[in-house]
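Trainee: Got a minute to go through this one with me? I'd like to get the fold straight before lunch.

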Amino acid sequence: MRSTFICFLLCISTACFTQSFPVKNLFPEGTVFYQNIPYANDTLQKHLLDIYLPPNAKKNLPLIVWIHGGAWMLNDKYADMSYMKNTVKSFIDSGYALASINYRYSTDSVFPAQIKDCNSAIEFLYQHASKYNIDRNKIAVIGFSAGGHLASLLALSNNNNVKQFYAAPAHFKIKLALDFYGPSDLIMLANNPDTAINNMRNPVSLLLGAMPVNRPDIAKLASPVTYVDKNDPPFLIVQGEKDESVPNTQSKILHAWLTLNNVKNDLIIVPNAPHYGPMFDADYIRQKVFEYLNGYLR
């Protein structure tokens, strides 16, 4: 009876851990985990981040910061990993540190709260780099959908000193951006044939606190393309040909602006791919991701 009870408790404990840490099995054996680190000197659940380090990690690991998608109002720091599992595993196997961050939902705080949170999280990682064996001068961002928007905005505004985007002064520099199907021009997005974009309950309108057609000033402030200049870091942009949520013209226009400003970038339009899913974890895409990572963070 006693052994049965102990097994019952162990099962409960394991189930709770799995539920609270749903992506643990995606990482290689021996991965070092640091969970739920507060990065903004408060107790908000949306101000937590996780850090994943390779087994027997040496000092000065290049860092990849993972920014989840979810229309700026869904999901958490574990999102997007399950369908990108081979890429996630490869980051650790290849000797990179990975940090995944939460940020406030648009339904709780409108823009620029989300980009403020992202900047605060990366500044925390920069200031505590030595504690986690991170090279604070080698930071890349990767984002998916809404997270792709935030990753692009982080990288492009990093050298523009947009005061509204920071809760406190930042010292870090972004060396590389990996943008998976993130909106880049919210004013252009307002012309989407899907008229829902001009509905106040649309995710973009909820993010901005207004419809883009009514507040083009805020839409411009929140658009990554606003900040493109010749001093920006390299970009790899990936989007599905048949994306039903973000038209692939959003990636094409970002690619065009970067190219016009002589910023190194590549655009991959994935044939027949929707907005997200395992098609983006393909070998050829991962090969390109590591071409950029190894070229600019090693």
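Mentor: Sure. A bit of vocabulary to start with: two strands pair if DSSP finds at least two bridges between them. And keep in mind that this is a predicted model.

Trainee: OK, so in which sense do strand 3 and strand 4 pair, and over how many bridges?

Mentor: Strand 3 (residues 61–67) and strand 4 (residues 97–101) are parallel, with five bridges. For a concrete case, look at Leu63, whose bridge partner in strand 4 is Ala97.

Trainee: What's the strand order in the whole sheet?

Mentor: The order is 1-2-4-3-5-6-7-8, so to speak the full list of eight strands, in an open sheet with mixed pairing.

Trainee: Which are the edge strands?

Mentor: Strand 1 (32–38) and strand 8 (265–270), each of which pairs on one side only. From one strand to the next, the twist averages 15°.

Trainee: Moving on to helices. How many helices are there in the protein?

Mentor: Nine, alongside the eight strands.

Trainee: Which strands does helix 3 lie across?

Mentor: Helix 3 lies across strands 1, 2 (48–53), 3, 4 and 5 (134–144), and runs at about 155° to strand 5. Helix 4 lies across strand 3, strand 5, strand 6 (176–180) and strand 7 (235–240), at about 140° to strand 5.

Trainee: And how do the axes of helix 3 and helix 4 cross?

Mentor: At roughly 65°, with the axes of helix 3 (residues 113–127) and helix 4 (residues 146–157) coming within 10 Å. Angles of 65 to 115 degrees count as roughly perpendicular, so that's the label for helix 3 and helix 4. Their crossing is right-handed.

Trainee: Which residues meet there?

Mentor: Gln114, Ile115, Cys118, Asn119 and Ile122 from helix 3, against Leu150, Leu153 and Leu154 from helix 4. That contact has six nonpolar residues, two polar and no charged.

Trainee: What about helix 2 and helix 9, at what angle do they pack?

Mentor: About 30°, with the axes of helix 2 (residues 85–93) and helix 9 (residues 283–296) 11 Å apart. That makes helix 2 and helix 9 roughly parallel, and this crossing is right-handed. Helix 2 brings Asn86, Thr87, Ser90 and Phe91, while helix 9 brings Arg286, Val289, Phe290 and Leu293. By class, the contact of helix 2 with helix 9 has four nonpolar, three polar and one charged.

Trainee: Last thing: what's the radius of gyration?

Mentor: It's 19 Å, which agrees with the value near 19 Å for a compact globule with 298 residues. Along the principal axes, the C-alpha atoms fill a box of roughly 65 × 40 × 40 Å.

Terms used
Residues are numbered from 1 along each chain as its sequence is written. This is a predicted model: local features need pLDDT of at least 70, side-chain atom pairs count only at pLDDT 80 or more; totals for chains, interfaces and linings use all residues. Side-chain values use heavy atoms; hydrogens and water are left out. Axes are lines fitted to C-alpha atoms, for helices over the stretch in contact, and angles run from 0 to 180 degrees between N-to-C directions. Helices (H or I, at least four residues) and strands (E, at least two) are DSSP runs, numbered from the N terminus. Angles under 35 degrees count as roughly parallel, over 145 as roughly antiparallel, 65 to 115 as roughly perpendicular and the rest as oblique. A crossing is left-handed if the near helix is turned anticlockwise from the far one by less than a right angle, and right-handed if clockwise. Contact means heavy atoms within 4.5 Å. Ala, Val, Leu, Ile, Met, Phe, Trp, Tyr, Cys and Pro count as nonpolar, Asp, Glu, Lys and Arg as charged, and the others, Gly among them, as polar. The radius of gyration is taken over C-alpha atoms; the globule rule is 2.2 Å times the number of residues to the power 0.38.
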